[in-house]
Amino acid sequence: MALLKNITRFSIISLFFFHCHAQTPANTGNAKQSPEIQFDKEILQQAPKIPLRFGQQELITDKPFLMDPGYGKTSCLLFELPEIKTDQLSLEFETLILNSRLFYPIFITLTSDYQIREIIKEELEIEGNPLTGMSHTSQIEVDNTVRYILVTTDSTLLPQSFSHMYESSGMRAVHTGTTPIFVPSSTQTEHEHIEFTDEPRLHVKVASARNREIFRREDGFYVGFGVNFGGEKVANNPGGDNYRAGGGGLITFGYSRSLFSSDFVGRAGAGYRFQGSYDGDARNRGIFLDLVFTWQTRHINIGAGGQLETANSIRDLQGNVTAFKTTVVPKFIMEYRLSDGTINMGAEYLPGTFTTTQNHPFSGNRFALALKFFM
């Protein structure tokens, strides 16, 4: 099968940067060096406010308003924080690069009466690539005196641009017996030309009410690869692993969604299971649908659910076909989260029974090793 190109998220080098909490560097042309931050409080009082909630994790689609807080008249977003019941709250603002255009964020924290508490200008560090998406992430911590966060940019950056360099790697299939395993191959250097814009595109994450560390819960589509072990033997396969109930390599496509801004995530997928033969026209195949609910931490997922197995059959080298009835089995998973939840590596346990159309039962207790890539 054709192999999708994988580009490593964290093997990134940015060729342009800002100094944190300092003046805009000289190579940004006519950028202001130390602007005086001042604005009309009445404008902020009347400005649309974007309420944030504990555990929030989503793309901000609200339209910005125009104001000049000291960096020139430009687009601004005003976020209203939930009531902080402890001394500190952690937030993460991910600035997404869309169509090679970047909004460089400047954060101004404000009290309930719009007094300035802090001005935050971070070093620009770009992660990602055009395939998986490029972005700059800002980690913000505020105390309980902060009520609002104003996000703006420096208007003098807008005519300018810079070059971003990253490394990409391909993958190739290596066959072990009758099951392919995908491994990285060659790498190459790519360049991306990025322009500054005053159109903010922000993805916001807020810590839970207990103010635990922020981590990315898995929202969006995913693709998974894996292999099943176990299950009762059904037919011989002299050139490789014997054909077992529910055995074979796995490919899955699905969708994952965090539930109610909590640490629980629902996941639904559909997949194809297949095991071939080097010796003739023999195979083990099936289709499955699964629904799993996981509890997530920054590094580990633990989950349980069910899997529907259908269209299952085994054909041996003599042409004998063993067909199985549709069945539903429980499913338990444990995963280690790599790259903050963009890649998961884990194990699955599926106890159950496969029954042939002739009512002969075969044990389908299996373990699976799986690798999932989240978009």
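Tyr255 is partly exposed, with 36% of its relative area accessible. The values here come from a predicted model, and this tyrosine is a handy way into its aromatic pairs. Tyr255 pairs with Phe221, their ring centres 5.0 Å apart and their planes at 65°, so this is an edge-to-face pair. The two rings come from distant parts of the chain: Phe221 belongs to strand S16 (residues 220-230) and Tyr255 to strand S19 (residues 248-258), with 34 residues separating them. Phe221 has a relative accessibility of 56% and therefore counts as exposed, since the cut-off for that label is over 50%.

A second pair makes a useful companion. Phe324 and Phe362 are also set edge-to-face, because their planes meet at 75°, with the ring centres 6.1 Å apart. Phe324 sits in the loop between strand S23 (321-323) and strand S24 (327-338), while Phe362 is in strand S27 (residues 361-363), so the pair ties together parts that are 38 residues apart in sequence. Here the burial reads as follows: Phe324 is buried, at 8% relative accessible area, and Phe362 is buried too, at 10%. Buried means under 20%, so both values fall within that label.

In total, the count of aromatic pairs comes to eleven. Ring pairs also join Phe79, Phe93 and Phe107 into a cluster. Aromatic rings have charged company as well: the charged end of Arg267 sits over the ring of Tyr222, 5.7 Å from the ring centre.

Turning to the nonpolar interior, the largest core holds 25 residues, and the members that touch the most others are Leu44, Phe65, Leu78, Leu110 and Leu150. The elements giving two or more residues to this core are strands S4 (65-67), S5 (74-80), S8 (106-110), S12 (148-152) and S14 (179-196). Of these, S8 gives the most, with three residues. In soluble globular proteins, nonpolar side chains tend to be buried together.

Leu150 shows how such a core residue is surrounded. Setting aside neighbours within four places in sequence, Leu150 is in contact with Leu44, Phe65, Met67, Pro69, Cys76, Leu77, Leu78, Ile106, Phe107, Ile108 and Leu110. Apart from the largest core lies another, of 23 residues, which includes Ile50, Phe103, Val206 and Ala207.

Next come the empty spaces. The model has two cavities of 30 Å³ or more, and the largest cavity holds about 120 Å³ of space. Fifteen residues make up its lining, and those closest to its centre are Leu250, Thr252, Phe288, Lys331 and Glu348. Two or more lining residues come from each of S16, S19, strand S21 (283-296), strand S25 (343-350) and strand S28 (366-374). S16 is the main contributor to this lining, with four residues. S16 and S19 are also the strands that carry Phe221 and Tyr255, respectively.

As for pockets, the second largest takes in about 380 Å³ of space. Its lining consists of 19 residues, with Ile60, Leu98, Glu199, Pro200 and Arg201 lying nearest the centre. The elements that give two or more residues to the lining of this pocket are S5 and S7. S5 is thus named again, having also given two or more residues to the largest nonpolar core.

A few backbone and loop details round out the picture. Most residues other than glycine have a negative phi. Asn99 has a positive phi of about 55° although it is not a glycine. This asparagine lies in the loop between strand S6 (88-97) and strand S7 (101-102), and its relative accessibility of 64% makes it exposed. Ala311, likewise not a glycine, has a positive phi of about 55°. Ala311 is found within strand S22 (residues 300-315), and at 46% relative accessible area it is partly exposed.

Finally, Ser262 is found in the loop between S19 and strand S20 (264-275). Ser262 is partly exposed, with a relative accessible area of 22%. Although Ser262 and Gln56 are 206 residues apart in sequence, their C-alpha atoms are 8.3 Å apart in space.

Technical notes:
Residues are numbered from 1 along each chain as its sequence is written. This is a predicted model: local features need pLDDT of at least 70, side-chain atom pairs count only at pLDDT 80 or more; totals for chains, interfaces and linings use all residues. Side-chain values use heavy atoms; hydrogens and water are left out. A nonpolar core is a set of buried Ala, Val, Leu, Ile, Met, Phe, Trp, Tyr and Cys residues joined through side-chain atoms within 4.5 Å. Buried means under 20% relative accessible area, exposed over 50%, partly exposed in between (1.4 Å probe, protein chains only). Contact means heavy atoms within 4.5 Å. Rings of Phe, Tyr and Trp (its six-membered ring) pair if their centres lie within 6.5 Å; planes under 30 degrees apart count as stacked, over 60 as edge-to-face and the rest as tilted. A charge sits over a ring if NZ of Lys or CZ of Arg is within 6 Å of the ring centre and within 35 degrees of the ring normal. On a 1 Å grid over the protein atoms alone, a cavity is a set of points where a 1.4 Å probe fits but cannot get out, and a pocket is an open set with protein on both sides within 12 Å along at least five of seven lines; lining residues have an atom within 4 Å of a point. Grid points are joined across faces, edges and corners, and a volume is the space filled by probe spheres set on the points.
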